[in-house]
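Biologist: Could you take a close look at a single helix for me, and tell me which of its residues are buried and which are exposed? Please say how each term is defined.

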Amino acid sequence: MSETDQGGAVFARQAFLPSGWRHDVRLSYSHGRFTHIEANQKPQPGDTLCDIALPPLASLHSHAFQRAMAGLAETRRDPADSFWTWRKQMYALASRVTPDDMRAIAAQLYLEMLKAGFTQLGEFHYLHRTPDGNAYDNKAEMALAVIDAAQEAGIGITILPTLYSHAGFGRALAPEQARFRSDPDFIAEILGAITARHGGDIMVQHGLALHSLRAVDRQNLAQMLGMIAPDLPIHIHIAEQQREVTECLDYLGRRPVAWLMDEVPVDHRWCLVHATHLDHDETLRLAASGAVAGLCPVTEANLGDGFFPLEPYIARHGRFGIGTDSNVLPSVAEELRLLEYGRRLATQKRCCALPEGMLGSVGRFLYESALKGGAQACAHGGGKLALHHRADLCTLDQADFALPDLQNDALFDGMIFARATLPVRNVLAGGRWVIKNGHHPQEASIQARFRDVVRRLQH
Ligand SMILES: [Zn+2]
């Protein structure tokens, strides 16, 4: 019997349940799911004791291999440095990563994500082919390598094989994009291989990604959507850069989000990643659609993308989650803090993320919104400490907060605004303790392998 099957129980002095903060909560789990949750209890022998139990977040948007260039793209090499010059560096890395490299890089990243307080990620995966553009014998080779890494780290993954057919609107792929080349049949084959190997695994979900409107065309978009199961999550990069909006206007005659909403039934299955450059009408339409805006504030800041129109979107109950995207800095606290601080700097106001007229904790609103948005976009059956949901939680110690004796929503504000990172002690993912006292059991070997791979990739 595996550790997952053995089950166990956690006793928390404070736990954040779907009904809000509750005290003296006992949470039992078995076969990877919560089987009993009750407040006002006493601890029982064998329980794991903690001060605070939180449902962990999902990073709904990740490109794992980019962790191998974190911090290496901060030198100006071109007088007109931009997203597009950064992308050249990223392509140079993408052209060299083997399946084994991918396993090593992703395992290190996923371990860091667990320590940061994520137990699920959406991997927007487009490194499909060999570096010279041929298909691997198993077309899902690279996707399965990413899943192997998630399983080694013990994190949940929603793998999103990505349709990528064009370099830009009406333009053929460039040689440095040969690894990404895919059509709907190719993606369907990868999805089939993933289901064959991992169907029924509580830690592996799958969905579809469309790289962007510039990388798919109307025909293969329609064909692809017709080939997938009706309830599958669908992710797309959209309106990240102003240049993309201009090119879309030139080629399709409409702005990217407006075009997508006009042409495709965008609903709760969809995650629009970035959606940075929206006009007012697009903002309201996206909010009303039930889709999730996949916000990646750290990467968007790092790449100079721009800032999502948060206030009007939230005023219309728009849903959002957070993604670590380029993985330059995998941090729950930093993503949420930057989302709020970016708006404060831009508007010269405070507490911007709360809908107008609503009072209360900004930290709680950010965290709870990102929980719901992440769970919707990754479709992993987690995101809340609730019966029959996946048994994911992270524990925090009261002593690790800057101020003593914090209670309830003040804990959210204390961990997001007054700590560099979330003070995560232990992490349970799918009923397995994957982080114990701040460490992963395979931390040393995973890190050594990662360092070897990065050294080789840099030479
Ligand atoms: Zn991305």
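Modeller: What follows concerns one helix, α15. The model is a predicted one, in which local features need pLDDT of at least 70 and side-chain atom pairs count only at pLDDT 80 or more, while totals for chains, interfaces and linings use all residues. Residues are numbered from 1 along each chain as its sequence is written.

Helix α15 covers residues 443-457 (helices being DSSP runs of H or I with at least four residues, numbered from the N terminus), and its 15 residues reach 21 Å from the first C-alpha to the last, close to the 21 Å expected at 1.5 Å a residue, where the expected span is 1.5 Å times one less than the number of residues. Within α15, I446, F450 and V453 are buried, a term that requires 20 or more other C-beta atoms within 10 Å of the residue's own, whereas exposed means 12 or fewer and partly exposed lies in between, with C-beta atoms placed from the backbone. These three lie on the same side of α15 because they cover an arc of only 65° around the axis, the arc being that of the directions from the helix axis to the C-beta atoms. The buried residues of α15 pack against α3, residues 99-116, and contact here means that the C-beta atoms of two residues, placed from the backbone, lie within 7 Å. The other side of α15 carries the exposed residues A444, S445, A448, R451, D452, R455 and R456.

For the wider setting, the protein is divided into domain 1 (3-55 + 384-443) and domain 2 (57-378), with bounds from an automatic or database domain assignment. The centres of domain 1 and domain 2, taken over C-alpha atoms, are separated by 28 Å.

Key. Helix = DSSP H or I, 4+ residues; strand = E, 2+ residues; numbered from the N terminus.
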